[in-house]
Amino acid sequence: MAEYTFTGSIDAPPADVWAVVREFTKGEWMGVEMTSEGEGVGASRTIAMGPTSLTEACERLDDDEMVMGYTITDGGAMPFTDYHSEMKVQPSGEGSELVWSANYEPVGDPDAAKATLEMIYGGGFAGLKKHLES
């Protein structure tokens with residue numbers, strides 16, 4: 001198994017960041033086309049990514065710890081399998097820190113899998129930051 005972690009700071013209170021992150025089926029801040037079903041643990045979302053899409057399921061939603069965990073149930077053409085991710089919001093100075101991590105099994109070139117996660121997490125974080133700081 002490989003691991004990847006992205007950490008970024010947001011100039012917003014942790015409760016405000018968590019209120020957005022915890023809404024697994026409402027990802028407008030991601031800036032991608034998405035459809036969803038259900039709410040909370042067990043909910044699923046399908047995200048369009050160019051000519052392909054991927055489907056994710058919410059596995060954990062902990063309001064006390066401000067942690068949301070999910071897995072990819074249908075990865076389309078992603079360069080990894082057995083993907084499990086977690087987003088954790090925590091206080092940092094006068095704002096917040098988002099720690100977004102994944103465990104996964106690379107398919108093919110491990111560097112390609114990591115580069116894909118860097119692109120997805122970087123873009124997702126940029127959208128979240130813009131959504132909360134504007």
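In the predicted model, strand β2 pairs with strand β3, which spans residues 44–49, in the antiparallel sense over 4 bridges. Within this pair, E37 of the chain lies opposite S44 in β3. The two strands belong to an open sheet of 7 strands, arranged in the order β1-β7-β6-β5-β4-β3-β2 with antiparallel pairing. The edges of the sheet are formed by β1 (2–10) and β2 (34–37); each has a single partner strand, and therefore one side of each is left without a neighbour in the sheet. From one strand to the next, the twist averages 20 degrees.

Two helices pack on this sheet. Helix α1, residues 14–21, touches β1, β4 (52–62), β5 (67–74), β6 (80–92) and β7 (95–106). The direction of α1 makes about 155 degrees with that of β6. Helix α2, residues 110–133, also packs on the sheet, and its contacts are with β1, β3, β5, β6 and β7. Its direction makes about 20 degrees with that of β1.

The pairing at the β1 side of the sheet was examined next. Strands β1 and β7 run antiparallel and are joined by 9 bridges; A2 has Y104 in β7 as its bridge partner. On its other side, β7 is joined to β6 by 11 bridges, again in an antiparallel arrangement. Two bridge pairs illustrate this register: F80 is partnered by P106 in β7, and K88 is partnered by V99 in β7. The strands β6 and β7 form a hairpin with 2 residues between them. In the turn of this hairpin, G93 has a positive phi of about 60 degrees.

Strand β6 is also joined to β5, by 5 bridges, and these two strands run antiparallel. M68 has M87 in β6 as its bridge partner. The hairpin of β5 and β6 has 5 residues between the strands, and here G76 takes a positive phi near 55 degrees.

Positive phi values also occur in residues other than glycine. For M66, phi is near 55 degrees; this residue is placed in the loop between β4 and β5. M66 counts as buried because its relative accessibility is 16%, below the 20% cut-off. For D82, phi is near 45 degrees, likewise a positive value in a residue other than glycine. D82 is found in strand β6 and counts as partly exposed, at 46% relative accessibility.

Strand β4 contains A57. With a relative accessible area of 18%, A57 is buried, since the limit for this class is under 20%. Leaving aside residues up to four places away in sequence, A57 touches F24, A43, S44, G69, Y70, T71 and T73. One of these contacts, S44, is the residue of β3 that stands opposite E37. A57 and I120 are 63 residues apart in sequence, and their C-alpha atoms are 17 Å apart in space.

I120 takes part in the lining of the largest pocket, which holds about 290 Å³ of space. The lining comprises 22 residues, of which M30, I47, M49, W100 and I120 are the closest to the centre of the pocket. Two or more residues of the lining come from each of β3, β4, β5, β6 and α2. Helix α2 gives the most, with 6 residues. By class, the lining has 18 nonpolar, 2 polar and 2 charged residues.

The loop between α1 and β2 contains E28. E28 counts as exposed, because its relative accessibility of 62% lies over the 50% cut-off. The C-alpha atoms of E28 and G127 are separated by 8.6 Å, although the two residues are 99 residues apart along the chain.

Definitions and conventions: Residues numbered from 1 in each chain as written. Predicted model: local features only at pLDDT ≥ 70, side-chain atom pairs only at ≥ 80, totals over all residues. Heavy atoms only, no water. Pairing = 2+ DSSP bridges. Axes fitted to C-alpha atoms, helices over the stretch in contact; angles between N-to-C directions. Contact = heavy atoms within 4.5 Å. 1 Å grid on protein atoms, 1.4 Å probe; cavity = no way out; pocket = protein on both sides within 12 Å on 5 of 7 lines; lining within 4 Å. Points joined across faces, edges and corners; volume = space filled by probe spheres on them. Nonpolar A, V, L, I, M, F, W, Y, C, P; charged D, E, K, R; others polar. Buried < 20%, exposed > 50% of the residue type's maximum accessible area, 1.4 Å probe, protein only.
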